[in-house]
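Let's take a walk through this model together, starting with its pocket and ending at one of its helices. Have the structure open and turn it as you read.

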Amino acid sequence: LSQGGSDAAEALLRQVVTTASELHDPNLQALANGSLGYVLLTASKYDEALVWLERAREFHSRLGANRSMSRDALNMAYCYHRLGNYDRARTYYEQARSGFAKTGDQYDEQILTGDTGLLLEDTGNLRDAAAAYQKAYEIARQLKNDAWASRWASDLAAVTAEVGDWDSAEQ
């Protein structure tokens, strides 16, 4: 899929969605719908991604797959955020947060926390954004995930510099 790009992945996943539907396999349907939604999200086709992510969430709900439902909510929140629908984004971020709290999934929690920081930053709430980035950074460091820790540290430095907290921005 990585060689063909998102268009090839999208075409293939549309076929998988059709096959899963024909097989009446709810596990495969959940996976196929969620994967297609995610590919569309990464291609910045947020409106269309939401359709497939919502379908995946419905299947995951029927299957009792709480972690997957939380990931669907996280991805939906991201789409709504990018579309400028901040209230819907907050709603889905909170649903994801509640789900990750139940599953104890720290990896996804740090992504959620950092993405929430971005939403707070985009809506002008810079001090709360800084706190979210700080928390995401700490979780990523605890998980020994240098890639995510670097991202959150960079976002934290930028937002603390923007509010004029130069001492914190240098750290």
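How much space lies in the largest pocket? About 570 Å³. Keep in mind as we go that this is a predicted model.

To find your way to the pocket, look for Tyr-38, Arg-71, Leu-74, Asn-75 and Asp-108, which lie nearest its centre among the 24 residues that line it. The lining of this pocket draws at least two residues from each of helix 2 (26-42), helix 3 (46-63), helix 4 (66-82), helix 6 (106-122) and helix 8 (146-162). Helix 4 gives the largest share, with eight residues. As for chemistry, the lining of the largest pocket holds 11 nonpolar residues, six polar ones and seven charged ones.

Now let's turn to helix 8, one of the contributors to that lining. Its 17 residues should span 24 Å at 1.5 Å a residue, and this agrees with its end C-alpha atoms, which are 24 Å apart.

Which residues of helix 8 are buried? They are Trp-148, Ala-149, Trp-152, Leu-156, Val-159 and Thr-160. These residues sit on the same side of helix 8, because the arc they cover around the axis is only 105 degrees. The general rule behind such a pattern is that an α-helix has 3.6 residues a turn, so residues three or four places apart point the same way.

Swing round to the face of helix 8 turned away from this buried side, and you will meet the exposed residues Asp-146, Ala-147 and Glu-162. Finally, just after helix 8, Gly-164 adopts a positive phi of about 85 degrees.

Methods. Residues numbered from 1 in each chain as written. Predicted model: local features only at pLDDT ≥ 70, side-chain atom pairs only at ≥ 80, totals over all residues. Heavy atoms only, no water. 1 Å grid on protein atoms, 1.4 Å probe; cavity = no way out; pocket = protein on both sides within 12 Å on 5 of 7 lines; lining within 4 Å. Points joined across faces, edges and corners; volume = space filled by probe spheres on them. Helix = DSSP H or I, 4+ residues; strand = E, 2+ residues; numbered from the N terminus. Nonpolar A, V, L, I, M, F, W, Y, C, P; charged D, E, K, R; others polar. Expected span 1.5 Å × (residues − 1). Buried < 20%, exposed > 50% of the residue type's maximum accessible area, 1.4 Å probe, protein only. Arc of directions from axis to C-beta.
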